[in-house]
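Could you walk me through this structure in the viewer, stop by stop? I would like to know what to select next and what is there.

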Amino acid sequence: MRKFEYKPPRIHSGELRTPVTFYEYAPKPGLDPGEQEKKVLYECMAKVDKVWLKDLERAKTNGTVSDVTVTIRDPHADYIPTDKHYLSIDHPYYKDMKYNVKDVLPDLQQKDFISIVGRFEK
């Protein structure tokens with residue numbers, strides 16, 4: 001028989017320290033091209049994972065400036081992130097950077113949190 005060993009969770013709510021805002025864009029009215037922020041969809045606290053060298057290499061191959069992984073508490077039916085949404089991180093290092101949501105990765109082992117991969121393109 002296998003001996004029971006407690007494994008602490010990979011992430012806990014005490015690590016969610018950075019404010020994050022999810023929103024959607026809409027085309028600008030008139031003849032000028034571009035988009036403008038339409039409405040805020042969800043605001044929460046998140047854990048922003050540090051950028052690894054492999055993430056920088058992946059960003060270069062995708063033709064993007066940077067990628068970021070954000071972990072938030074699962075909002076269930078209140079908000080479901082999709083690839084049509086954008087996110088911004090309220091921290092001086094990420095000032096004026098709007099990330100496009102590329103992947104949403106629910107953690108099937110620990111159902112309390114989801115990870116979101118955002119991609120910044122100029």
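Start by selecting Tyr25, which is partly exposed, with a relative accessible area of 23%. Here buried means under 20% relative accessible area, exposed means over 50%, and partly exposed is in between, using a 1.4 Å probe and protein chains only. Now add Tyr23, which counts as buried at 1% relative accessibility. The rings of Tyr23 and Tyr25 form an edge-to-face aromatic pair, 5.6 Å centre to centre with 80° between the planes. For such pairs, rings of Phe, Tyr and Trp (its six-membered ring) must have their centres within 6.5 Å; planes under 30 degrees apart count as stacked, over 60 as edge-to-face and the rest as tilted.

Next, select Tyr42 and Tyr79. The centres of these rings are 5.2 Å apart and their planes are at 10°, so this pair is stacked. Tyr42 lies in strand β2 and Tyr79 in the loop between β3 and β4 (86-89), so the pair ties together parts that are 37 residues apart in sequence. Tyr42 is partly exposed at 21% relative accessibility, while Tyr79 is buried at 6%. Add Phe22 to the selection: ring pairs link Phe22, Tyr42 and Tyr79 into a cluster. The structure holds seven aromatic pairs.

Before going on, a word on what you are looking at. This is a predicted model, in which local features need pLDDT of at least 70 and side-chain atom pairs count only at pLDDT 80 or more, while totals for chains, interfaces and linings use all residues. Residues are numbered from 1 along each chain as its sequence is written, and side-chain values use heavy atoms, with hydrogens and water left out.

Now zoom out and switch to a cartoon view. The protein has one helix and six strands, and along the sequence they follow the pattern β-β-α-β-β-β-β. Helices (H or I, at least four residues) and strands (E, at least two) are DSSP runs, numbered from the N terminus. The C-alpha trace spans about 70 × 35 × 25 Å along its principal axes. Of the 122 residues, 36% count as buried. If you turn on a surface, its accessible area comes to about 8900 Å², of which 52% belongs to carbon and sulfur atoms; this area comes from the Shrake-Rupley method with a 1.4 Å probe.

How much of the contact count comes from residues 24 or more positions apart? Among contacts with a separation of 6 or more, such residues account for 55%, where contact means heavy atoms within 4.5 Å.

Colour by charge next. There are 21 positive and 20 negative side chains, and the centres of the two sets lie 5 Å apart. Lys and Arg count as positive and Asp and Glu as negative, with His and the chain ends not counted; each charge is placed at NZ of Lys, CZ of Arg, CG of Asp or CD of Glu.

Side chains of opposite charge can pair when their charged atoms come close. A salt bridge here is a side-chain nitrogen of Lys or Arg within 4 Å of a carboxyl oxygen of Asp or Glu, and the count comes to three.

Which residues should you pick to see them? Select Arg119 and Asp67, whose side chains meet in a salt bridge at 3.3 Å, N to O. Arg119 lies in strand β6 (residues 113-120) and Asp67 in strand β3 (residues 66-73), so the pair ties together parts that are 52 residues apart in sequence. Both Arg119 and Asp67 are buried.

Move on to Lys47, which is partly exposed at 24% relative accessibility. Its side chain meets that of Glu15 in a salt bridge (3.6 Å, N to O). Glu15 lies in the segment before β1 (18-27) and Lys47 in strand β2 (residues 35-48), so this pair ties together parts that are 32 residues apart in sequence. Lys47 also forms a salt bridge with Asp49, the closest N and O atoms being 3.5 Å apart.

Go back to strand β3 and select Ser66, which is buried at 14% relative accessibility. The C-alpha atoms of Ser66 and Phe120 are separated by 5.4 Å, although the two residues are 54 apart along the chain.

For the last stop, look at the backbone. Most residues other than glycine have a negative phi. His76, in the loop between β3 and β4, has a positive phi of about 55° and is exposed, with a relative accessible area of 58%.
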